[in-house]
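Me: I have a structure I'd like to talk through with you, step by step. Could you help me read it?

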Amino acid sequence: MKHTVLVMGNYLQPAEMQALEESFDTIHLWKEKDPEAVLQARRNDIQGIASVHSVPVSRTLIEALPNLEIISQFAVGYDNIDLVAAKERGIAVTNTPDVLTDDTADTGMALLLAVSRRVCEGDMYVRVGKWLNGNMPLGWSPKGKVAGIVGMGRIGQSVARKCEAFGMKIMYQGPRKKEDVPYVYEPDVQKLAENADYLILTCPGGAATRHLVNADVLKALGPKGFLINIARGSVVDEDALITALIDKTILGAGLDVYPDEPRVREELIKMDNVVLLPHIGSATHETRKMMGELVVNNLRAHFAGGPLLTPVKAA
Ligand code: GLV
């Protein structure tokens, strides 16, 4: 008999969804008109969850499923999952690291270049015919500038290598100095911002990093500084960011993530010194395929009694 897996959102590509459906009985929660009723009716059947960063896997949900054994997350970040509740029940948690590192870092570089060189403004400048009346205002060169990277994990290190290729200097902040990276460590995020021209956020979300970037940090980044966020919206105090952008406390921002996705604050939408992306860090055909395969293969490995491919160590 097939094991039952609760699928939290519509994110798997057709081939990986087919693979999931071939191996498991699936409940597509996002398609259900009355998800609560479905959960209530099937609560004893569900042994696995295929989750995604945008949908909470709360203590309430975990406690409602007495036979849950594994949560297989389609994302490297897992701040949407109540890990404490999962651990209490001995529920395994897996994620999709490594396969998305370079695409996510590339998204950071795309934002960095787009805000610095006014790429989106330039595109609009041509389309609406403004070029016919004169040249666009100048942008700013990243070469020789300091990238202050918050979080020096896999994605942070990939961003650092790419920034080096653009002739930038690298400093970083994180919970501890990494012995295996050649960059300058600064444990205090405000001091990092003081030294940086680009503050680039690549750290995990969750309680430990909530509002790490506040009004003081933005002030330290200063009127020639850019904020790039490919981490989580929760890492930035968004009210402080909006004020800093309006007051020109900082020069601009490139954002892929927001506190209340998919809603983006109207103030940000109106600004021309920000570039806004709809959380597309890992959103390429190639990477999303590998992420989907990991989600399915972690579930298969668990129910076959084998070792998990990419377990979350903290769980
Ligand atoms: C996306 O945000 C991820 O954590 O992979």
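Me: Thanks for looking! Is Asp 45 buried, partly exposed or exposed?
Reply: Happy to help, and do keep in mind that this is a predicted model. Buried would need a relative accessible area under 20% and exposed one over 50%. Asp 45 has a relative accessibility of 34%, so Asp 45 counts as partly exposed.

Me: With which residue does Asp 45 form a salt bridge?
Reply: The partner is itself partly exposed, at 29% relative accessibility. The closest N and O atoms of the pair are 2.6 Å apart, which fits the 4 Å limit for a salt bridge. The partner of Asp 45 is Arg 42.

Me: How many residues apart in sequence are the parts that Asp 98 and Arg 154 tie together?
Reply: The side chains of Asp 98 and Arg 154 meet in a salt bridge, with 3.7 Å from N to O. Asp 98 lies in the loop between strand S5 (92–94) and H5, while Arg 154 belongs to helix H7 (residues 154–165), so the parts tied together are 56 residues apart.

Me: And how accessible is each of those two, Asp 98 and Arg 154?
Reply: Both values fall between the 20% and 50% cut-offs, so each residue counts as partly exposed. Asp 98 has a relative accessibility of 48%, and for Arg 154 the value is 45%.

Me: Which helices does the pair of Asp 102 and Lys 162 link?
Reply: Asp 102 and Lys 162 form a salt bridge, and their closest N and O atoms are 3.4 Å apart. The two residues are 60 residues apart, in distant parts of the chain: Asp 102 is in helix H5 and Lys 162 in helix H7.

Me: How many salt bridges are there?
Reply: The pairs above are part of that count, including Asp 102 with Lys 162. There is also a network of salt bridges that links Glu 238, Asp 239, Arg 265 and Glu 267. The count comes to 15.

Me: How far apart are the centres of the positive and negative side chains?
Reply: The protein has 34 positive side chains and 39 negative ones. The centres of the two sets lie apart by 3 Å.

Me: Is Arg 118 buried or exposed?
Reply: Arg 118 sits in the loop between helix H5 (101–116) and helix H6 (119–127). Beyond its close sequence neighbours, Arg 118 touches Leu 113, Met 136, Pro 137, Leu 138, Gly 139 and Trp 140. Its relative accessible area is 16%, which is under the 20% cut-off, so Arg 118 is buried.

Me: What is the distance in space between Cys 120 and Asp 272?
Reply: Cys 120 is found in helix H6, and it is partly exposed, with a relative accessible area of 41%. In sequence, Cys 120 and Asp 272 are 152 residues apart. From C-alpha to C-alpha, the distance is 9.0 Å.

Me: Now for the whole protein: what is its radius of gyration?
Reply: The protein has 12 helices and 12 strands, and its C-alpha atoms fill a box of roughly 70 × 50 × 30 Å along the principal axes. A compact globule of 315 residues would have a radius of gyration near 20 Å, and the protein agrees with that, at 21 Å.

Me: Last one: what share of the residues is buried?
Reply: The accessible surface comes to about 15,500 Å², and 53% of it belongs to carbon and sulfur atoms. As for the 315 residues, the share that counts as buried is 49%.

Methods. Residues are numbered from 1 along each chain as its sequence is written. This is a predicted model: local features need pLDDT of at least 70, side-chain atom pairs count only at pLDDT 80 or more; totals for chains, interfaces and linings use all residues. Side-chain values use heavy atoms; hydrogens and water are left out. Helices (H or I, at least four residues) and strands (E, at least two) are DSSP runs, numbered from the N terminus. The radius of gyration is taken over C-alpha atoms; the globule rule is 2.2 Å times the number of residues to the power 0.38. Buried means under 20% relative accessible area, exposed over 50%, partly exposed in between (1.4 Å probe, protein chains only). Accessible areas come from the Shrake-Rupley method with a 1.4 Å probe; for residues, only the protein chains shown count as cover. Lys and Arg count as positive and Asp and Glu as negative; His and the chain ends are not counted. The place of a charge is taken as NZ of Lys, CZ of Arg, CG of Asp or CD of Glu. Contact means heavy atoms within 4.5 Å. Lists of a residue's contacts leave out its neighbours within four places in sequence.
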